[in-house]
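Biologist: Before we begin, could you put the sequence and the structure side by side for me? I would like to go through them slowly, one question at a time.

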Amino acid sequence: MPLVSTKEMFEKAYKGGYAIGAFNVNNMEIVQGIVDAAKEEQSPLILQVSAGARKYAKHIYLIKLVEAALADTDLPIALHLDHGDTFELCKDCIDGGFTSVMIDGSKYDFKENVALTKKVVEYAHAHGVVVEAELGRLAGVEDDVNVSANDAIFTDPEQAAEFVHLTGVDSLAIAIGTSHGAYKFKGTPYLDFDRLEKVGKLLPDFPIVLHGASSVLPEFVKKCNEFGGDIPGAQGVPEEMLRKAASMAVCKINIDTDLRLAMTATVREYLTKNPGEFDPRKYLGPARDAIKGMVQHKIKDVLGSSNRI
Ligand SMILES: O=C(CO)COP(=O)(O)O
Ligand SMILES: O=C[C@H](O)COP(=O)(O)O
Ligand SMILES: [Zn+2]
Ligand SMILES: [Zn+2]
């Protein structure tokens, strides 16, 4: 099956009260682990590539890996640019075969973000590609939840509605308390679900995206620390919060850190237990299996996208 857009995936996910996982890919083992998991779960899938991934692996290698995955399955798979920061980068990916791009203008003021997003939307839509934008700042929530401080960085629901109408964007990443990486909360995890609900009311049937949505699974953090790593206090978004978000307007849930942790924990364990081994397949194979297991768990137990193709 050729690559698909996220349009139909999101329509079904919105109606069905589940979300599609968007997993970051950087090499072959990551692509294979994710795709094998989706295959077993018969789940639609978004594979996403960051600017950093393109720099690391090169556009053409990533495209060919995804093409290989398509030949190997008949799942609906979308190929998405994660956090595109310029029109040129988005254009490169649109011209280069991606079916979805993100233009992240969240560092600009509202007006500039609108102008940049609109420019990408015009080009993308003319080429049959969908666009995700971002409004608000993704940041960790401090120990004491302070609603007025949150107001400064979290997405304003009225502005979100205005932004969508002005730009014609297809989906929107909003800030409600998640953040990228392995240290998301210093104290008790908190997401602003009231804000998400308001956004959902102002933008009916419109797909919302949750970035920074890894759960930072304790088993992998423990394994990393046990086998020579040093990531104390790593904490992610509790899975029940992700389930709740998926049942609301959130249709796309971004996961990268959990892939990194699954891979690194497994490699650390293997190399520590087998110091004489130096065949990369010996540790990358189990790392790929760990990714597959983790992704399968997310799809089945958290996102709810199993058997939705
Ligand atoms: O949002 C992400 C990619 O855009 C990934 O978030 P995590 O760091 O929580 O995996
Ligand atoms: O949101 C960021 C993703 O985790 C990608 O990270 P990266 O830029 O290091 O590839
Ligand atoms: Zn951003
Ligand atoms: Zn992100």
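Biologist: How do the residues of the shell around ligand 1 divide into nonpolar, polar and charged?
Modeller: Please keep in mind throughout that this is a predicted model. Strand E3, strand E8 (250-255) and helix H12 (257-273) each supply at least two residues of the shell around ligand 1. Of the 14 residues there, His211, Ser214, Asn254, Asp256 and Thr257 come nearest to the ligand. Sorted by class, the shell has 2 nonpolar, 9 polar and 3 charged residues.

Biologist: Which residues surround ligand 2?
Modeller: We can start from the elements, since helix H3 (51-57) and strand E3 (77-84) each supply at least two residues of this shell. By class, the shell around ligand 2 is made of 1 nonpolar, 5 polar and 2 charged residues. Written out by name, the residues around ligand 2 are Asn24, Ser50, Gly52, Ala53, Asp82, His83, His180 and Asp256.

Biologist: Which helix gives the largest share of the largest nonpolar core?
Modeller: In soluble globular proteins, nonpolar side chains tend to be buried together. Here the largest nonpolar core has 92 residues, and those with the most contacts inside it are Ile34, Leu47, Val101, Leu172, Ile253 and Ile291. The largest share of this core, 8 residues, comes from residues 280-303, which form helix H13.

Biologist: Which residues does Ile291 touch, not counting residues up to four places away in sequence?
Modeller: Ile291 is one of the residues with the most contacts inside the largest nonpolar core. Once residues up to four places away in sequence are set aside, the residues that Ile291 touches are Ile30, Gly33, Ile34, Leu259, Ala262 and Met263.

Biologist: What is the handedness of the unit that E3, helix H5 and E4 make?
Modeller: Strands E3 and E4 run parallel and are joined by 3 bridges, and Gly84 stands opposite Ile103 in E4. Together with helix H5 (residues 87-95), E3 and E4 make a β-α-β unit, and its handedness is right-handed.

Biologist: Through which helix does the chain cross from E4 to E5?
Modeller: E4 and strand E5 (residues 130-135) pair in the parallel sense over 4 bridges, and the bridge partner of Met102 in E5 is Glu132. The crossover that links E4 to E5 is a right-handed β-α-β one, and the helix that the chain passes through is H6 (residues 110-126).

Biologist: Are the two faces of E4 covered or uncovered?
Modeller: In a regular strand the side chains alternate between the two faces of the sheet. In strand E4 (residues 100-103), Ser100 and Met102 lie on one side and are buried, while Val101 and Ile103 on the other side are buried as well. Both faces of E4 are therefore, by the cut-off of 20 or more other C-beta atoms within 10 Å for a buried residue, to be called covered.

Biologist: How many of the 6 residues of E5 are buried?
Modeller: On one side of E5 we find Val130, Glu132 and Glu134, and on the other Val131, Ala133 and Leu135, and both faces are covered. E5 also pairs with strand E6 (residues 171-174) in the parallel sense over 4 bridges, where the bridge partner of Glu132 in E6 is Ser171. E5 is largely enclosed by the rest of the structure, because the number of its residues that are buried is 6 of the 6.

Biologist: Is Lys58 buried or exposed?
Modeller: Most residues other than glycine have a negative phi. Lys58, however, has a positive phi near 80 degrees, and its place is in the loop between H3 and helix H4 (59-71). A residue counts as exposed if 12 or fewer other C-beta atoms lie within 10 Å of its own, and because Lys58 has 11 of them, Lys58 is exposed.

Biologist: Is Val216 buried or exposed?
Modeller: Val216 has a positive phi of about 50 degrees although it is not a glycine, and it is found in the loop between strand E7 (208-210) and helix H10 (218-226). Because Val216 has 20 C-beta neighbours inside 10 Å, it counts as buried.

Methods. Residues numbered from 1 in each chain as written. Chains lettered and ligands numbered in written order. Predicted model: local features only at pLDDT ≥ 70, side-chain atom pairs only at ≥ 80, totals over all residues. Near = placed C-beta within 6 Å. Nonpolar A, V, L, I, M, F, W, Y, C, P; charged D, E, K, R; others polar. Core = buried A, V, L, I, M, F, W, Y, C linked by C-beta atoms within 7 Å. Contact = placed C-beta atoms within 7 Å. Pairing = 2+ DSSP bridges. Right-handed = clockwise from strand over helix to strand, strands pointing away.
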